[in-house]
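Trainee: I would like to go through this structure with you. Could we take it one region at a time?
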Amino acid sequence: MPHHHHHIQKLHARLIKTGHHNDHLSLRPLLLSCATLSLSYARSLLYSIPSPDAFAWNTLIRAHANATTTKADSPPSNALNLFVEMRQRGVSPDHYTFPFALKACARLAFLQTGKAIHSQAVTLGFDSDIFVQNTLIHLYGNCGLVESACQVFDEMPHRDLVSWSATIACFANNGLGEEALAAFREMQVATSLRPDEVMMVSVVSAVSTLGALELGRWVDFYVRRSAFDITVSMGTALIVMYSKCGCIGSAVKVFREMPERNELTWTALINGFALHGQSKEALRTFYEMKQSGFRPDYVTFIGVLSACSHGGLLEQGWQLFNSIRRDYGIDPGLEHYGCMVDLLGRAGLLNECYDFIERMQIAPNSIIWRTLLGACANYSNVKLAEHVKRRISELDPHHDGDYVLLSNAYGGLGRWVEKAGVRCSMQERGIGKRPGCSLIEVDRVIHEFVAGDESHPQSKEINEMLGLILEQLRSVGYAPDTSNVLFDIEEEEKERALSYHSEKLAVAFALLSSHHGRTIRVVKNLRICHDCHIFMKLVSGIFHREIIVRDRNRFHHFREGFCSCGDYW
Ligand code: ZN
Ligand code: ZN
């Protein structure tokens, strides 16, 4: 870098000597080359020009909007400052200016600024430009405004690969897996465009949110058949996809075969093991990651800590938790505290857990308190439970700011995998969304069930089937376990009778419609309740069907009356 710097200064000096330093055309190559090398030098060069033209401003705005780091003095927000200054100085933006400025907004998820720039583009007649429209889709997608993104897309007279890709990414990153796949199929039917690697990464991520293994295998096959290189981001997306679809073995295989990995790849595998309750494997991978010279980040620690909590590894959990700030300079977030609360709660250390929450350095949210409430339910500590319930009712139930913040923090370049994860967990936790919901894939078609919902076309048959199943279960001594209902653990229990929990409906539907002996895979957005857990165990035994439920926290593999979690979750 210093070497190049020197070169640029010499070039600059020569321009000054030959009297060309105020000549816009002579300055262009200089501006372009130093914008790629040093943003601050490029800025000082810009300010040394008496009246820079639109090209000069565009060069600087683009360089800042594209800069790989969003941290140090935040180049994308400087891009916006430059845009404002350009307008103040009366320089007319051209059709290059708007996509660059909007890109900066998209990367920062600055919705208000983005909207303001959008309306300026409309005023100046640049809104029909395809680059402007593509960036708008990107912006609205990153800000979670799926409808606005769709509106831009729908109104486009001409669409290119980037338009489709941005739209598919918008759906996938906002947890709308089915819509993402529908858009992907539509593109294949309606256009002759060929998907690229960036688009396929979004498609893989869409499959992850659905937990649809058959679709996932098809997409993996498609990627390999199309001879896409398994890049770091593609491999990482496949690892996330396989682990979220309940196939940790395939995730490990993808990991082993990857020619190159980064910290996100390692983190994806660690989180995969954690999700599957393979705590020791998760920790082993964590130490291996460090040995290989990769630095664990915020998300990595969520993985290892949740592995500790699923495995009941109290001592390791404390060690890791304490090292987050001390050894890595990362401030623990709600997820990390949540894992510790879970770990202490499961161990029955209820008072210690309560004190831990009281001493948290950030305000606990209702999920943290509900985790302790769950532990109170397990250990039948009604007195503490009542106290905790009061704390929950003090909190604003619709406050989801923490998630949005975290999601924005991950908005930077190449971090979309986690970002999608955060968005998903927002959905999975039911924030701003319907309460209990389960997805099930039968013959590559996704069916969705909401607690007590009767909108499914086969709703009548499903309810009859569920009635038959419950009758069979009662004959072997099943009685609905309502303890969670009394403890008010999830919204779902409060509102609906236990027998209509969405995962029960999904399993009834699967027994009706899928082939004998095939594993039933359910994706549930909330944590599975005690009663549904007992239900699944009994069904797996009586009907000799393997059932795999991915709930908010982990996978449960039910086989012949037993669950892989050992009834400890
Ligand atoms: Zn339930
Ligand atoms: Zn289980």
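Trainee: In which sense do β4 and strand β5 pair, and over how many bridges?

Mentor: This is a predicted model. In it, β4 and strand β5 (residues 555–559) are antiparallel and share four bridges. The two strands form a hairpin, with four residues between them. Across the pairing, Ile 548 stands opposite His 557 in β5.

Trainee: And which way do the residues of β4 point?

Mentor: Ile 547 and Val 549 point one way, while Ile 548 and Arg 550 point the other way. All four of these residues are buried.

Trainee: What is the sense of the pairing between strand β3 and β4?

Mentor: Strand β3 (residues 520–524) pairs with β4 in the parallel sense, over four bridges. Here Arg 521 is the residue opposite Ile 548 in β4. The chain gets from β3 to β4 by way of α30, and this β-α-β crossover is right-handed.

Trainee: Let us turn to the metals. Which residues coordinate the zinc ion (ligand 1)?

Mentor: The zinc ion (ligand 1) is coordinated by His 501 through ND1 and by Cys 529 and Cys 532 through SG, at 1.9 to 2.3 Å. Along the sequence, these donor residues have the spacing H-x27-C-x2-C. His 501 lies in the loop between α28 (491–495) and α29 (502–513), whereas Cys 532 lies in helix α30 (residues 530–542), so the pair ties together parts that are 31 residues apart in sequence.

Trainee: Are His 501 and Cys 532 buried or exposed?

Mentor: His 501 and Cys 532 are both buried.

Trainee: Which protein donors does the zinc ion (ligand 2) have?

Mentor: Its protein donors are His 533 (NE2), His 556 (ND1), Cys 563 (SG) and Cys 565 (SG), lying 2.0 to 2.3 Å from the ion. Their spacing along the chain is H-x22-H-x6-C-x1-C.

Trainee: What is the geometry of that site of the zinc ion (ligand 2)?

Mentor: The site of the zinc ion (ligand 2) is tetrahedral, with angles of 104 to 114° among its four donor atoms. For reference, the ideal angle for four tetrahedral donors is 109.5 degrees. As for accessibility, His 556 counts as buried at 0%, and Cys 565 is buried with a relative accessible area of 9%.

Trainee: A change of topic: what is the phi of Ala 109, and where does that residue lie?

Mentor: Ala 109 has a positive phi of about 55°, although it is not a glycine. Most residues other than glycine have a negative phi. Ala 109 lies in the loop between α6 (97–108) and α7 (111–123), and it is buried because its relative accessible area is 16%, under the 20% limit.

Trainee: And His 544, is that residue buried or exposed?

Mentor: His 544 counts as exposed, at 53% relative accessibility. It is found in the loop between α30 and β4 (547–550), and its phi is positive too, near 50°.

Trainee: What about β1 and β2: how many bridges join them?

Mentor: Six bridges join strand β1 (residues 437–442) to strand β2 (residues 445–450), and the two run antiparallel. Val 442 has Val 445 in β2 as its bridge partner. The strands form a hairpin with two residues between them, and Asp 443 in the turn has a positive phi of about 50°.

Trainee: Finally, how many residues are in the largest nonpolar core?

Mentor: The largest nonpolar core has 139 residues, and Met 200 and Leu 372 have the most contacts inside it. A second, separate core of 30 residues includes Val 442, Ile 462, Ile 469 and Val 539.

Key:
Residues numbered from 1 in each chain as written. Chains lettered and ligands numbered in written order. Predicted model: local features only at pLDDT ≥ 70, side-chain atom pairs only at ≥ 80, totals over all residues. Heavy atoms only, no water. Core = buried A, V, L, I, M, F, W, Y, C linked by side-chain atoms within 4.5 Å. Buried < 20%, exposed > 50% of the residue type's maximum accessible area, 1.4 Å probe, protein only. Donors = N, O, S within 2.8 Å, 3.2 Å for Na, K, Ca; no water. Pairing = 2+ DSSP bridges. Tetrahedral: all angles 85-135°; square planar, octahedral: opposite > 155°, others 65-115°. Right-handed = clockwise from strand over helix to strand, strands pointing away.
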